[in-house]
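Colleague: Got a minute to walk me through this one? I'd like to go from the overall build down to a single helix.

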Amino acid sequence: MPDLPKVLVIEDEKDTARFIELELQAEGYHTHIALDGLTGLAHFREHQPDLVILDLMLPVLGGLDVTRRIRKTSNTPILVLSAKDALQDKIDSLDAGANDHLSKPFSIEELLARVRAHLRRTNPTLNGELRIADLVIDLHGREVFRAGRRIELTSKEFELLEFLSRHPARVLSRYELEEQLWPGYVGGSNVVDVSIGCLRRKLEREGERRLIHTIRSVGYVLRDDR
């Protein structure tokens, strides 16, 4: 089972923090709460969240300073919550490195929608899909489409394509592929080469350009060389 997306909420109003936490958990997110900026930074370093929801008016260390410090080492999305609705406050938070700004009071439905949008951009597998060029892999339905054409794959071919797609543009050795997908096989077999050949024929049956490339004496890589 994949890890749940992690969201760090840095909010000094306990009731608001708890409300957001419960709503996020109901949506299937793993949450951490901090009630001041300094604790929030410590939680960020410890838990490495996928997204940060951050109030600007924080004790100990203000929201803008927290944003700047996070941004020095990470591109994690930061969604700012603020009772300040002035244009300059929004500009300041965005210039400090925030990705989004939502004024209080806010609609929880809008907050959750923005959380989903930011996580989709940073982690496309949360949609249950992997994409490269015109190739779409539906992870939940275990279906594959190329330019809208449905491609029938065996279970092992699907696993091979999924593994390649989770490491786009990375050269994977035959040994690594064999270890991951055929752990019972003895090294030196041609099971990887045969399976890649079958997969290529299915993906390129209608004359589509090649996406799985051979790296001589090493292995294979999935990439779009267009």
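**Overall build, then one helix**

Colleague: What share of the residues of the chain count as buried?
Modeller: Bear in mind that this is a predicted model. Buried here means under 20% relative accessible area. Of the 226 residues, the share that passes is 46%.

Colleague: How many helices and strands does the chain have? And is it compact or spread out next to the globule rule?
Modeller: The secondary structure adds up to 8 helices and 12 strands. For 226 residues the globule rule gives 17 Å, but the radius of gyration is 22 Å, well over that, so the chain is more spread out than a compact globule. Along the principal axes, the C-alpha trace spans about 60 × 35 × 30 Å.

Colleague: How far apart are the centres of the positive and negative side chains?
Modeller: There are 33 positive and 37 negative side chains in the chain. Take the centre of each set, and the two lie 6 Å apart.

Colleague: Which residues of helix 3 are buried, and how are they arranged around the axis?
Modeller: Helix 3 covers residues 63-73, and its buried ones are Gly63, Val66, Thr67 and Ile70. Looking down the axis, the buried residues fall within an arc of 100°, so they line one face of the helix. An α-helix has 3.6 residues a turn, so residues three or four places apart point the same way. The arrangement, then, is one face, within an arc of 100°.

Colleague: What covers those buried residues of helix 3?
Modeller: Both strands and helices are included in the cover. Among them are strand 1 (6-10), strand 3 (51-55), strand 4 (78-82), helix 2 (37-47) and helix 4 (87-96).

Conventions. Residues numbered from 1 in each chain as written. Predicted model: local features only at pLDDT ≥ 70, side-chain atom pairs only at ≥ 80, totals over all residues. Heavy atoms only, no water. Helix = DSSP H or I, 4+ residues; strand = E, 2+ residues; numbered from the N terminus. Rg over C-alpha atoms; globule rule 2.2 N^0.38 Å. Buried < 20%, exposed > 50% of the residue type's maximum accessible area, 1.4 Å probe, protein only. Lys, Arg positive; Asp, Glu negative; His and termini not counted. Charge placed at Lys NZ, Arg CZ, Asp CG, Glu CD. Arc of directions from axis to C-beta. Contact = heavy atoms within 4.5 Å.
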